[in-house]
Amino acid sequence: MDTEPDKFLTMLHALDGVGERVLTSGAELAAFGSDALTAFYERPLAVVVVESGEEVAEVVGLCHREGVPFVARGSGTSLSGGSLPVGGGIVIALNRMNRVLSVDPDARTAVVEPGVINLNVSAAAAPHGLAYAPDPSSQSVCTIGGNLAFNSGGAHCLKHGMTANHILGLRVVLPDGETVELGGDSTEHVGPDWTAIFTGCEGLFGIAVEATLRLVPVPESVRTTLTVFDSLERAGDAVAAIVGAGLIPVAMEIMDALAMEAAEASVKPGYPVGEALLIVELEGEEAVVEEELGAVEGLLRECGCGEMRTTADPDERALIWKGRKSAFSAVGWLAPDYIVQDGVVPRTRLGEALREIDRLSAERGIRVANVFHAGDGNLHPLILYDGREEGAVERAEELAADILALCVELGGSITGEHGVGVEKREYMRLMFSADDLALMEDLRAAVDPGRLANRGKMLTPPAEMGATSATGSAS
Ligand SMILES: Cc1cc2nc3c(=O)[nH]c(=O)nc-3n(C[C@H](O)[C@H](O)[C@H](O)COP(=O)(O)OP(=O)(O)OC[C@H]3O[C@@H](n4cnc5c(N)ncnc54)[C@H](O)[C@@H]3O)c2cc1C
């Protein structure tokens, strides 16, 4: 920080309008010091609650002139410490920028502010028979701004693609306070795809203040099939068989016995009993879905499934998905603390990865519940521990690190959708060479020479993070 904190706060308060929405008291700041990855905490200098893109530009411009780091925040559901502030820096809270500005049913697009809740986009599009496809399990609380920063995915992204596939245009405040338009209202552009470059870069290139989103038609018919297997490997084989047969369900999700136990204790979805649960969902025109369903059910039987149920009933389907989507929070019934990991392996190596995770879990005596987007090889091992036990966090983090290393070794990635944030910076070296990382730093520096936007995330070496703690102690 180049300016004295008190002097900077005076400047912030002096900003027209937004100056009245600067939070500085300990109680006001407490909730902004962390996100859903609560192992990290850092108290910001201030939180500024903005209400328009112009206000974001004003605040970011001031930060740029005074050399003060800033982080944008939607709902703070990041599981990688993405919305963690930097000591001495500020949080720009976008929750009041939560309007769906327009829905164009003919163009199948919606223009939204960044603080709009994901599920509210589909609610606004529903009267036109349209929906917003990316559906993170946190979709009832997370924002479009957070989704695009992390290129978030969800159970139904197997067929529809991730957030990046649904963002057509952006209005962005760059780290020097300039506002620019990226992309537009269609996919037809000349030149580099700047929207795609911004999406998934975890806020390092600035703050999105408006987004034009692609909408998809609500499908004519949906069928959800639930079945169980006597091993995770067999369930993984069934997924490979379905894809191998040329079928693309809209979702294919697997939960292991521990994750099912947690879901049952929490929201009671009434899942059949087995070592692995597979949910397969098909959507589209009625006749096509019927035909594909026959093929899927046949393949599941060939792969040795146990009890199988298929439903088109919206309430039954909602309960099936409630069980799956609440799995992260449900493991709170099994242990006081947990780390959610987010690695990817090639689909063909799912069985191998799960066997190895099982072995590592048994070797360390740490329980791991597995929930994953099986269709695209995106694993979410939930590492259970009790933070009150001496060294438990560290042991859980070691296991998490080994699992990520395994994913890379098998030809996968350190993150599928939760981002690198603070948590996985060190693992970037597992995937990228020093030259690759230097190139990324150069790109970042070209846009943000002071490294003010989301400092300390993704690219910054831990040594530069200063006081931020991985063990929950505020500093
Ligand atoms: C129970 C649970 C389930 C989850 N399930 C999923 C899942 O299925 N799939 C998935 O992908 N994720 C999932 N997540 C992770 C998380 O919800 C997503 O990463 C989500 O996109 C974060 O949105 P947010 O509004 O909370 O963003 P925040 O946590 O507030 O911010 C996330 C990042 O986005 C940046 N950011 C926020 N707004 C902007 C903006 N306007 N411009 C630029 N940068 C911005 C922040 O600086 C930060 O780096 C889950 C989390 C929880 C707690």
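**Salt bridges and a ligand: a quick tour**

Okay, let's start with the salt bridges: the count comes to 22 here, taking a side-chain nitrogen of Lys or Arg within 4 Å of a carboxyl oxygen of Asp or Glu. Keep in mind that this is a predicted model.

Let me show you a few of them. First up, Glu 51 and Arg 96, whose side chains meet with N to O at 2.8 Å. These two sit in distant parts of the chain, 45 residues apart. Glu 51 is in the loop between β2 (46–49) and α3 (53–66), while Arg 96 is in the loop between β4 (90–93) and β5 (100–104). So are they buried or exposed? Glu 51 has 34% relative accessibility, so it counts as partly exposed, and Arg 96 is partly exposed too, at 48%.

Next, have a look at Glu 233 and Arg 355, a salt bridge with the closest N and O atoms 2.4 Å apart. What does this pair tie together? Glu 233 belongs to helix α8 (residues 232–244) and Arg 355 to helix α13 (residues 350–364), so the bridge connects parts that are 122 residues apart in sequence. Glu 233 comes out as partly exposed because its relative accessible area is 34%, and Arg 355, with 46%, is partly exposed as well.

One more pair: Glu 363 and Arg 364, where the closest N and O atoms are 3.7 Å apart. Here the story grows, as salt bridges with shared partners join Glu 356, Arg 359, Glu 363, Arg 364 and Asp 402 into one network. Arg 364 itself is partly exposed, with 29% relative accessibility.

Right, now over to the ligand. There are 35 residues around it, and the closest are Ala 72, Gly 74, Thr 77, Ser 138 and Thr 143. By type, the shell splits into 13 nonpolar, 19 polar and three charged residues.

A few contacts to click on. A backbone N or O atom of Ala 208 is 2.9 Å from a ligand nitrogen. For Gly 146, a backbone N or O atom lies 3.4 Å from a ligand oxygen. Asn 454 uses its side chain instead, with an N or O atom 3.0 Å from an oxygen of the ligand. How much of the ligand does the protein cover? On its own the ligand has 990 Å² of accessible area, and the protein covers 95% of that.

Which elements give two or more residues to the shell? Those are β3 (70–73), α5 (144–150) and β10 (207–214), and α5 gives the most, with five residues.

Last thing: where does the ligand lie? Domain 1 (5–95 + 445–465) and domain 2 (100–217) both give residues to the shell, so the ligand lies between them.

Technical notes. Residues numbered from 1 in each chain as written. Predicted model: local features only at pLDDT ≥ 70, side-chain atom pairs only at ≥ 80, totals over all residues. Heavy atoms only, no water. Near = heavy atom within 4 Å. Polar contact = N/O pair within 3.5 Å; in protein donor to acceptor, adjacent residues only side chain to side chain. Areas by Shrake-Rupley, 256 points an atom, 1.4 Å probe, with all protein chains shown as cover. Helix = DSSP H or I, 4+ residues; strand = E, 2+ residues; numbered from the N terminus. Nonpolar A, V, L, I, M, F, W, Y, C, P; charged D, E, K, R; others polar. Domains from an automatic or database assignment. Buried < 20%, exposed > 50% of the residue type's maximum accessible area, 1.4 Å probe, protein only.
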